Amino acid sequence: MRNNLFLIVLIFSSSLHGQVDSLMMDRIPSWVRHVVFESALMENYNLDTSRNPFYLEADFNDDGLMDIAFFVKSKLEGKTGVLIVNKGKNVGYILGAGKDIGIGADVFWCNIWFIYREKYIYNFKDKKKKFAIETPGLELVKDEKTSVVIYWDKKRYKTHIKNL
């Protein structure tokens, strides 16, 4: 009896997990689905749906269109990174997920991420301006002393590590 109850719970939870994933996938804007599900870029990556929010939107490259960012996981190495898709050209960029971004090649540690809207990147400790950025970026928080900001420099995505 106990084994049957366990089996029923296991079956129910796996079918519920499939429904949750289906609901998340349905919420992905239609313009980005081709890149996420059908592009050569994503052949070696899967979306990582373990974080909330599931994706973030902002005009990351200053073309006047909303771009989108997701977490991804490398199928080969199991390392976590970020996929940013620019809406204007419908092109994706992967940072991390096996590729070093200055704070390592795996951002598995990031449970907090948000749109970085400051016009300057600051040091945590002295709050002095490091340099100006013209577009919103993504801030991935490692802990209360360390984070990384991903930003567009008019040609490509770059990263800046913020330390205390």
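Visitor: Is Cys110 buried or exposed?

Guide: Here the idea is to look at relative accessibility, where anything under 20% is called buried. In this predicted model, Cys110 has 0% relative accessibility, so Cys110 counts as buried.

Visitor: Where is Cys110 found?

Guide: Look in the loop between S5 and strand S6 (112-116).

Visitor: Which residues does Cys110 touch, not counting those up to four places away in sequence?

Guide: Leaving those neighbours aside, Cys110 touches Arg51, Phe71, Leu140 and Val141. You can also compare sequence with space: Lys142 lies 32 residues from Cys110 in sequence, yet their C-alpha atoms are 5.4 Å apart.

Visitor: Now for a helix. Which residues of helix H2 are buried?

Guide: A useful general idea comes before the case: an α-helix has 3.6 residues a turn, so residues three or four places apart point the same way. In H2 (residues 30-38), the buried residues are Trp31, Val32, Val35 and Val36. Viewed down the axis of H2, these fall within an arc of 110°, so they line one face of the helix.

Visitor: What does the face of H2 turned away from its buried side carry?

Guide: That face carries the exposed residues Ser30 and Glu38. As for the buried residues of H2, they pack against strands S1 (45-47), S3 (67-74), S4 (80-86) and S5 (91-96).

Visitor: Where does pLDDT stay under 50?

Guide: Check the confidence along the chain. The protein averages a pLDDT of 84, and 80% of the residues score at least 70. Over residues 4-20, however, pLDDT stays under 50, and the model has zero contacts there beyond four places in sequence.

Key
Residues numbered from 1 in each chain as written. Predicted model: local features only at pLDDT ≥ 70, side-chain atom pairs only at ≥ 80, totals over all residues. Heavy atoms only, no water. Buried < 20%, exposed > 50% of the residue type's maximum accessible area, 1.4 Å probe, protein only. Helix = DSSP H or I, 4+ residues; strand = E, 2+ residues; numbered from the N terminus. Arc of directions from axis to C-beta. Contact = heavy atoms within 4.5 Å. pLDDT = per-residue confidence, 0-100.
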